[in-house]
Amino acid sequence: MFMVRTRIHLKFIAGSVLLLAIFFSACSDDYKQEEEPKEDLTNTVPGRLEIPRLTGDTVTYKFIDHMVTYQGKTVHNYSMEYNLSLRHTRWVAFTACGLTAADQVTRTNAWDDDPQVPEDKRTERADYSGYDRGHLVASNDRRYCREANEQTFYYSNMSPQLSDFNQKIWQKLEENVKEWMQDETLRDTLYVVKGGTIREDQVLKYNGPHSVPVPKYYFMAVLAKKGGSYKSIAFWLEHKKYSEPYDLQGKAISVDELEEKTGIDFFPALLDAVERPTEAVYCLDDWTWKNR
């Protein structure tokens, strides 16, 4: 009788262990399914938070990184993803901190070809006929050393802009961003991406002997890092003449909205847990406003 009970008892224990194993195996599978997906770092540049996700098309696009030597350091001055077929960049990107936000030199007017662009893919002055040679990285953005400012005058950094746009509302927006670049209460580092749209449905016309696209819209995406916190804001402006007052705040949108409009993934190197809430909203009161 004792042996029978023992066998029954052992069978019960074995059955319980099997059920528990199945239960925890199922729970383990559910847990794996609910885990956060791995960060998608495809076509990103490691350690470069300012750089949008690259297209991955190395035939049509060339990633260009302009660097200078300043105060004994190698500094990333600004970067771009240049469309070799259209001879217009998809975007430009740069950072501002204590070193690169300083104003040490004046405008150089050093107009020149970009040595990193193949000769047969460059533009010339005639490609901007009827328009300003509009800087994307503004001359005023890079005044910490002479070489940095000279690089902003490369033709690869130019876009055909209406004078009434380039020298007015766009310049006023750039002046505000420059204030943010130099505001140490706002940022430890400011990350800035600018551009003009070159997608076929976002082009006004094609201009000059090389049929350079005239963007229908211009945009900016700005990210401020202060300590361990981040805030962002973006802008979307139609390429046209505006009447004063310009209402720059009314041109502000979230980075998420700008991504939808442009198809560009901004700040992909941010951890997803930070990127999602940071890019989803913007608060006008987080930023100082001058020269509206």
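Visitor: What percentage of the accessible surface of the protein chain belongs to carbon and sulfur atoms?

Guide: Happy to help, and please keep in mind that this is a predicted model. The protein chain has an accessible surface of about 14,900 Å². Carbon and sulfur atoms hold a share of that surface, and the share is 51%.

Visitor: How many of the residues count as buried, as a percentage?

Guide: The cut-off for buried is a relative accessible area under 20%. The protein chain has 292 residues, and the part that counts as buried is 47%.

Visitor: Is Cys145 buried or exposed?

Guide: A residue counts as buried under 20% relative accessible area. Cys145 has 10% relative accessibility, so Cys145 counts as buried.

Visitor: And why does Cys97 count as partly exposed?

Guide: Partly exposed covers the range between the buried limit of under 20% and the exposed limit of over 50%. Cys97 counts as partly exposed because its relative accessibility is 23%.

Visitor: How many disulfides does the structure hold?

Guide: A good thing to check at the bench! A disulfide is a covalent bond between the sulfur atoms of two cysteines. In this structure the number of disulfides is zero.

Visitor: Which residues line the largest cavity?

Guide: The structure holds one cavity of 30 Å³ or more, and the largest cavity has about 40 Å³ of space. By class, its lining has three nonpolar, two polar and three charged residues. The lining residues are Tyr82, Asp113, Asp114, Val117, Arg122, Thr123, Tyr155 and Ser156.

Notes
Residues numbered from 1 in each chain as written. Predicted model: local features only at pLDDT ≥ 70, side-chain atom pairs only at ≥ 80, totals over all residues. Heavy atoms only, no water. Buried < 20%, exposed > 50% of the residue type's maximum accessible area, 1.4 Å probe, protein only. Areas by Shrake-Rupley, 256 points an atom, 1.4 Å probe, with all protein chains shown as cover. Disulfide = S-S within 2.5 Å. 1 Å grid on protein atoms, 1.4 Å probe; cavity = no way out; pocket = protein on both sides within 12 Å on 5 of 7 lines; lining within 4 Å. Points joined across faces, edges and corners; volume = space filled by probe spheres on them. Nonpolar A, V, L, I, M, F, W, Y, C, P; charged D, E, K, R; others polar.
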